[in-house]
Amino acid sequence: GQAQGPGQAQGPAPTELGRRPTVAFLRTQFWFGLRAGGSVAHTAGVIGGLERNGAKVVAIASDALAGVRAKTVVVRPEVWYDGGLRELEELLYNLRFLGAALPVLRAERPSVLYQRYTALSVAGVVLSRWLRLPLVLEFNSSDVWKARHWGEFRLLPLVQLGEWVNLAGADLIVVVSEVLRDELVARGIAPERVLANPNGVDPEVFHPGVSGEAVRARYGLGDRVVVGFSSTFGVWHGVPTLAAALPLVAAANERLHFLVLGDGPLRPTLEAAIAQHDLAGRATLAGMIPHDAAPEHLATCDILVAPHGRQADGREFFGSPTKLFEYMAMGKAIVASNIGQMGQVLEHERNALLVEPESEQALASAILRLASDPALRARLGAAARQDALARHSWQQNAARVLERLDIGFQ
């Protein structure tokens with residue numbers, strides 16, 4: 001049945017006049033110019049998955065959405081300041097977004113609103129009430145938690161209020177992991193209003209048939225065994241562990257070469273380790289690459305790593321790394337931390353090697369083992385690809401949401 005709170009209105013019948021059901025995707029983050037990273041892959045994946053399930057999608061967003069073919073109406077915020085004043089701008093953006101979104105939604109007549117949660121945006125909740133439409137809230141993490149542990153926000157009371165309004169006002173809350181689902185239920189949210197739905201991949205874009213030869217030639221990798229790491233270098237990506245493992249691996253196997261994709265806050269940690277141990281010839285830092293170039297870069301690699309660490313307060317890792325499913329779909333041998341969802345999706349010795357988080361020795365040992373055993377790499381990679389096809393496509397991800405909504409998209 002439809003996931004709805006008491007007294008909340010149903011949306012229009014999806015079969016009305018045989019009309020193709022429409023989902024309005026709302027994205028209000030103050031993130032601009034993004035061409036790669038988990039959020040880009042997730043947004044494009046969710047929208048593409050909805051379309052593959054028969055939905056028409058119209059997106060209303062603060063910026064153009066990379067990899068999205070659906071009609072997108074861009075509502076640009078006014079941006080003048082950083083810091084605390086930037087947060088006030090985000091609050092004011094609610095008015096600008098609502099004013100622009102309302103006529104679009106009245107014209108498109110969607111069956112459901114789907115918003116990617118933003119700390120200070122209540123646009124989805126307000127539009128849901130005005131238009132009497134169900135609201136799906138994609139809640140990837142708590143901004144209150146991030147404000148306390150990472151210092152990302154200055155106006156904490158407003159962030160708390162915004163998070164409460166969003167969680168209370170959504171008909172269905174979609175989270176990426178069981179860990180996050182359990183936390184919301186512990187906060188008093190009814191279990192039937194929360195769907196744990198891991199991230200996914202488009203297995204027709206990321207697949208073993210993609211050639212990495214052009215990238216291998218571009219970086220002069222020759223016949224080296226290439227270890228790949230794709231990251232936006234966040235505090236949870238295990239960069240210090242990888243940096244500490246680098247010299248251990250390089251000293252033990254001279255044929256190994258690291259290909260690092262991405263950019264972000266902790267990239268200097270990795271650069272410092274490369275400089276300190278004189279490993280410039282053993283690692284290529286390719287920087288941020290467009291998401292549509294990711295498959296050929298991953299295809300270049302023989303081994304792919306995801307050395308995620310524990311959270312700042314020691315609790316269980318709550319994320320669902322998009323790159324993990326991309327690694328799997330490529331049919332590559334994976335080394336990943338046995339933590340959170342990664343320890344559930346991956347099975348040690350069957351479709352990956354799982355290692356103790358934050359242990360450079362464990363990470364290095366697993367990489368070296370795979371480097372010396374091509375047959376093991378092939379076996380683990382094939383099993384990972386099969387699991388990606390069986391359970392982790394974006395089409396399957398979207399189908400789980402639509403099934404919970406029960407609004408007839410099939």
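Let me start with L91, which in this predicted model has its place in helix α2. That leucine is one of the residues that make up a nonpolar surface patch of about 460 Å², the others being L88, L158, L161 and W164. If you look at where the patch draws its residues from, α2, running over 83–108, and α5, running over 156–169, each supply at least two of them, and the largest share, three residues, comes from α5.

From the surface, let me turn to how some of the helices pack, beginning with α8, residues 239–252, and α9, residues 267–276, whose axes come within 9 Å and cross at roughly 10°. Because angles under 35 degrees count as roughly parallel, α8 is to be described as roughly parallel to α9. On the α8 side, the residues that make this contact are V239, P240, L242, A243 and L246, and they meet T269, L270, A273 and I274 of α9. Sorted by class, the contact of α8 with α9 holds eight nonpolar residues and one polar residue, with no charged residues.

The second pair I would like you to look at is α13, residues 360–371, and α14, residues 374–391, which pack with their axes 6 Å apart and at an angle of about 105°. That angle falls in the range of 65 to 115 degrees, and α13 and α14 are therefore roughly perpendicular to each other. Here α13 contributes R369, L370 and A371, while α14 contributes P374, L376, R377 and L380. In the contact of α13 with α14, five residues are nonpolar and two are charged, and there are no polar ones.

Finally, a word on salt bridges, of which the count comes to 14. One that I would single out joins R76 to D63, with the closest N and O atoms 3.1 Å apart. R76 sits in the loop between β3, residues 71–74, and α2, whereas D63 sits in the loop between β2, residues 56–61, and β3, so the pair ties together parts that are 13 residues apart in sequence. That brings us back to α2, the helix in which L91 has its place.

How values were computed
Residues numbered from 1 in each chain as written. Predicted model: local features only at pLDDT ≥ 70, side-chain atom pairs only at ≥ 80, totals over all residues. Heavy atoms only, no water. Axes fitted to C-alpha atoms, helices over the stretch in contact; angles between N-to-C directions. Helix = DSSP H or I, 4+ residues; strand = E, 2+ residues; numbered from the N terminus. Parallel < 35°, antiparallel > 145°, perpendicular 65-115°, else oblique. Contact = heavy atoms within 4.5 Å. Nonpolar A, V, L, I, M, F, W, Y, C, P; charged D, E, K, R; others polar. Patch = residues over 30% accessible without salt bridge, like charges linked within 9 Å, V, L, I, M, F, W, Y side chains within 5 Å. Areas by Shrake-Rupley, 256 points an atom, 1.4 Å probe, with all protein chains shown as cover. Salt bridge = Lys/Arg side-chain N within 4 Å of Asp/Glu carboxyl O.
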